[in-house]
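User: I'd like to go through this one by asking how each label was earned. Can you walk me through the reasoning?
Analyst: Sure, let's look at it together.

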Amino acid sequence: MTSGPVLHLATIWTPAQEGLPLSYTIQLTNNGTSPISGFKLGLSGPARIDLTAEVEGGTLEKRLSNHSLFAPSAGYVLAPGATWEIVARGLSYGLQHWSDGANTAYVVLTDGTTLPVVTTPTRSTAANAPLLKGAARFPVTAKAPVPVSIIPWPKEVAVSGARTVPAGLTLIADGAEASAAVTAFTQLVADLFPVEALVRPTAEGGFPVHLKAAAGLGKEVYQVAFAADAVTITASAHAGFLYGLITLGQVLRGAKQYPNTFVFPVGGTITDAPGFVWRGTHLDVARQFYTGAEVSQLLKIMAWNKMNRFHWHLSEDEAWRLEIDAYPELTRIGAWRGEGLALPPMLGSGPEPTGGYYSKAVVREIVALAGSLGIQVVPEIDIPGHCYALLEALPHLRDPNETGEYQSVQGFPNNCLNPAHEPVYTFLETVIGEVLELFPGGIFHLGADEVPLAAWSGSPLALNLLEKLAGPEMRKRHEGLTNTTGNHGGADAIEDSPTAILQAHFIRRVHAMIAAKGAITGGWEEAAHGNAVNKSNSYLVGWRNVEINAALAAEGYDIVVAPGQRYYLDMANGLSWAEPGASWAGWSGPEETYEFEPREGMGPDQLKHLLGVQSCIWSEPMVDRAIFDRLVFPRLSAVAETGWTVPERKSWTRFSALVGLMPIMYGNWAD
């Protein structure tokens, strides 16, 4: 028998019903042989205990966002076989899915040492279905609606006949652009499908593929021509050649793996061009850290889906992930979470120091890989909000005379860079310079989302600036304002509010810094508040709802469509408790994501400003990589097809029959 305490945490969600209030029950059981006393229980998960929650059975001593620290009554002893139960009535939002609850817990003893706690997924009293993980299965059947397997579906497919499926492809390039595409494709398929040998010499059965340059084609345009003795790919640039090879590789894989379903044609052509110039995927690496190898793998999967923009979300309240030479504290302090650190355990991280960051050397490798795959990397440093980790690392960036407290929608106090504090701009000038040196694509995304309505209401510097910008009445309106709770769309700065006025001043100054370095400014939709960015050298990502994109396009902003209701891949696939994921924007299954049409509601003038679409992988629920697979796939491919394939060529029936052949990140397509 194991000696000492062996601790287990169970959490139970009881929805409100028949006049009874909701409750969140936390049970810590000692399955060991020794009692424990004088301890505290730390736990975290996407859901947050509200600051004003009624707590029975213990005391909520600390709460930072989704991290909570509970203490039992004085003198309490958790004996072997006993269970300490806490009931909390009041959460920032009601739990909707099993991944919402606590996913990590630990015990802190009086001497500061910690004990591990085995944590099981939160159970709901209203549901008992098996919990779901891994990408949902999309089987390839014997009868497909098309003879070749390609995602995203091309502009024109006019192929004929079938031949014995080649064992692999021998690539013969004409010119530097074609040669570079051959090199990139050869490495891509070796990494994605290491045992399939899709590229091989003629001595090993390779079928000849000639890559030939043709002037006058768009850089992503290509044609694949099939003949009995060879295939010819025609394009004018690296991206076009690469996409032609990817299409041919998909055709070959389909025919090799399912020879009774798909063919390798003997004649005809595939002619192709993208519907949108921007076909993106965003990855939040702050809530969960992904190694450089994981980021690289995602880029390869994006390329296989013909996506060409990678929005890299590098900073958040929960962490700072990018090496900055001038400010080593950002990664020394801001990249790590753990008990006793500036940032406590959150979102699945335990009491031991957990996290990481990207060195400049790793970033350069990733940017080079992306470039070889036709992908532009867009770095985001999220400001002025979502800066808790940054400010913990660099407290001198706060107004030293600020008083009071405001809370962000995610439960972080005083988490915004101060628009009236000059050291902030010195800091940003340096950071922007170092970031743009690393990312030669010429875009700096500055975030600008979810600044709390009460931000800076206790800062004399900010209040003086507000009075200067908008007069004493506006200062009086803002001074001493507090907000401690809120929801998406409810607690954040709104147009013409005092906070929005201050934020617009901040964004103008930072936008000018970015422009002075010859770069484009990206921002979430809130960057439009107060007309803070010049429409000629900026773009916005619309996220709160579908309608905002059409509205901003009508104002003349270049827009990337990414509504939370359809393109936020952290949203659950369905309503069931058994599905993992978030729910604040609702849910979106693969079919709903696929069928969403970003052009809807836009007239000709608005469509001129529609750059394209972007899926957003927010990582709060991704405490388990099997959850990542379930949430991201096949919805990433659904967004990719919308970005490439014009609406009249889309077909859910076809897509769902083919998507099971697409690669995913960590596992296999689940049953």
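User: How many aromatic pairs does the structure hold?
Analyst: This is a predicted model, and there are 30 aromatic pairs in it.

User: What makes the pair of Phe39 and Trp84 edge-to-face?
Analyst: The angle decides it: the planes of Phe39 and Trp84 are 80° apart, and over 60 degrees counts as edge-to-face. The two rings qualify as a pair in the first place because their centres are 5.6 Å apart, within the 6.5 Å limit.

User: Why can you say that this pair ties together parts that are apart in sequence?
Analyst: Phe39 sits in the loop between strand 3 (36–37) and strand 4 (40–44), while Trp84 belongs to strand 9 (residues 83–91), so the pair bridges parts 45 residues apart in sequence. Both Phe39 and Trp84 are buried, too.

User: And why is the pair of Phe289 and Tyr358 called tilted?
Analyst: Their planes are at 40°, and stacked needs under 30 degrees whereas edge-to-face needs over 60, so the pair falls into the tilted class. The ring centres are 5.0 Å apart. Phe289 is in the loop between strand 19 (278–284) and helix 3 (292–304), and Tyr358 is in the loop between strand 22 (354–355) and helix 5 (360–372), 69 residues apart. Ring pairs also link these two with Phe310, Trp312 and Phe439 into a cluster.

User: How do you know that Tyr358 is buried?
Analyst: Its relative accessible area is 1%, and buried means under 20%, so Tyr358 gets the label.

User: What is the phi of Leu347, and is the residue buried or exposed?
Analyst: Phi of Leu347 is near 55°, a positive value in a residue other than glycine. Leu347 has a relative accessible area of 0%, so with the cut-off at under 20% Leu347 is buried. Its place is the loop between strand 21 (336–337) and strand 22.

User: What about Trp456, buried or exposed?
Analyst: Buried, because its relative accessible area is 0%. Phi of Trp456 is positive as well, near 70°, and the residue is found in the loop between strand 24 (443–447) and helix 8 (460–470).

User: Where is the pLDDT below 50?
Analyst: For the whole chain, the mean pLDDT is 95, with 98% of residues at 70 or more. The stretch below 50 covers residues 485–490, which has 13 contacts in the model beyond near neighbours in sequence. Where pLDDT is low, the predicted coordinates should not be read in detail.

Terms used
Residues numbered from 1 in each chain as written. Predicted model: local features only at pLDDT ≥ 70, side-chain atom pairs only at ≥ 80, totals over all residues. Heavy atoms only, no water. pLDDT = per-residue confidence, 0-100. Contact = heavy atoms within 4.5 Å. Phe/Tyr/Trp six-rings, centres within 6.5 Å; stacked < 30°, edge-to-face > 60°. Helix = DSSP H or I, 4+ residues; strand = E, 2+ residues; numbered from the N terminus. Buried < 20%, exposed > 50% of the residue type's maximum accessible area, 1.4 Å probe, protein only.
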